[in-house]
Amino acid sequence: DHYLTFSTSCSASQNWQSFMLFFFAHKVNQPGDVIRIASGCSDQQKQMLEDFHESVIKKLSPNFHVHFTPDFTKISGDNYKYYNKPFGVRHFMTHWLKYDESNDRLKNSIIMILDPDMILLRPLTYDFTSSNVMIHRSERGPPKVKKVMHGQPWASLYAFGDGPFKQDLNYVFSNHTDSPALKATDDERRNNYPGGPPYMATG
């Protein structure tokens, strides 16, 4: 099974982006379920979005869904809108997928996280064997099997290199002193960490 998710607010601009992502998912016959994770909607926004989803999006495919979550922007005491993506995905996996109760059923499923301003030009699946996708070469070499598998997640390579590691890592990981990021080699920092959406991993 494939679960393609994308995290949004409830703004008019992200409603439009979401419609485009759903439309192109329909156009390329994206397999599995496509789920918009909408965080922090007011009651009025939620009702409008539900009505639009039922009257328009569901007509594209019964496998297109919207999942509502609380607003996580202030979850750690500051105000950071991007908290909605990881905490929204966790909320989706807990309450929509019911992952803890269905671990055995979902362990071979493919969970994907995209951004709402992306569109699909072809189906996105776990198998890149016959794809012309460009695979970045690190010192470890290309993967022997061009598939998303247990222990082999996939993501796009973004151009920020090892920039995040130029921060004060002792401060960043002060509450996680055993983080694997602290032991990463220079090659891993440059080539394995600067990943971005689409993220793809097994359940």
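Is Lys98 buried, exposed or partly exposed? Keep that one in mind while we walk through the structure; the reply comes in point 7.

1. First, a caution and an overview. What you have in front of you is a predicted model. The protein has six helices and six strands. Starting at the N terminus, these elements follow one another as β-α-β-α-β-α-α-β-β-α-α-β, with a strand at either end of the run.

2. On overall dimensions, the C-alpha atoms sit in a box of roughly 50 × 45 × 35 Å along the principal axes. The radius of gyration is 18 Å, and a compact globule of 203 residues would come out near 17 Å, so the two agree.

3. How much of the chain is tucked away? Of the 203 residues, 36% count as buried. On the outside, the protein exposes about 12500 Å², and 52% of that area comes from carbon and sulfur atoms. The contacts are also worth a look: taking those between residues at least 6 apart in sequence, 70% join residues at least 24 apart.

4. Helix H2 is a good place to zoom in. H2 covers residues 43–60, which makes 18 residues. From first C-alpha to last, H2 reaches 25 Å, close to the 26 Å expected at 1.5 Å a residue. Even with that span, H2 bends by about 45 degrees at His53, so have a look at that residue when you turn the model around.

5. Which residues of H2 are buried? They are Leu49, His53 and Ile57, so His53 turns up both here and at the bend. The spacing fits a simple rule: an α-helix has 3.6 residues a turn, so residues three or four places apart point the same way. The cover over the buried residues of H2 includes helix H1 (12–27), strand S2 (33–39) and strand S3 (64–69).

6. Next, the cysteines. How many disulfides are there? The count comes to one, formed by Cys10 and Cys41, whose sulfur atoms are 1.6 Å apart. The link of Cys10 and Cys41 is left-handed, with -60 degrees about the S-S bond. It ties together distant parts of the chain, 31 residues apart: Cys10 is in the loop between strand S1 (2–8) and H1, while Cys41 is in the loop between S2 and H2. Cys10 has a relative accessible area of 9%, which is under 20% and therefore makes it buried.

7. Two residues have a backbone angle you may want to check. Asn29, in the loop between H1 and S2, has a positive phi of about 60 degrees although it is not a glycine. Lys98 is another non-glycine with a positive phi, here about 50 degrees, and it is found in the loop between helix H3 (84–95) and helix H4 (103–106). Asn29 has 61% relative accessibility, so it counts as exposed. And Lys98, from the opening question? Its relative accessible area is 39%, so Lys98 is partly exposed: the value lies between the 20% and 50% cut-offs.

8. Finally, go to the C-terminal strand region. Where is the cis peptide bond? The bond from Pro197 to Pro198 is cis, with omega near 0 degrees. Pro198 lies in strand S6, which spans residues 195–202.

Key:
Residues numbered from 1 in each chain as written. Predicted model: local features only at pLDDT ≥ 70, side-chain atom pairs only at ≥ 80, totals over all residues. Heavy atoms only, no water. Helix = DSSP H or I, 4+ residues; strand = E, 2+ residues; numbered from the N terminus. Expected span 1.5 Å × (residues − 1). Bend = angle between axes of the 7 residues up to and from the residue. Buried < 20%, exposed > 50% of the residue type's maximum accessible area, 1.4 Å probe, protein only. Contact = heavy atoms within 4.5 Å. Disulfide = S-S within 2.5 Å. Rg over C-alpha atoms; globule rule 2.2 N^0.38 Å. Areas by Shrake-Rupley, 256 points an atom, 1.4 Å probe, with all protein chains shown as cover.
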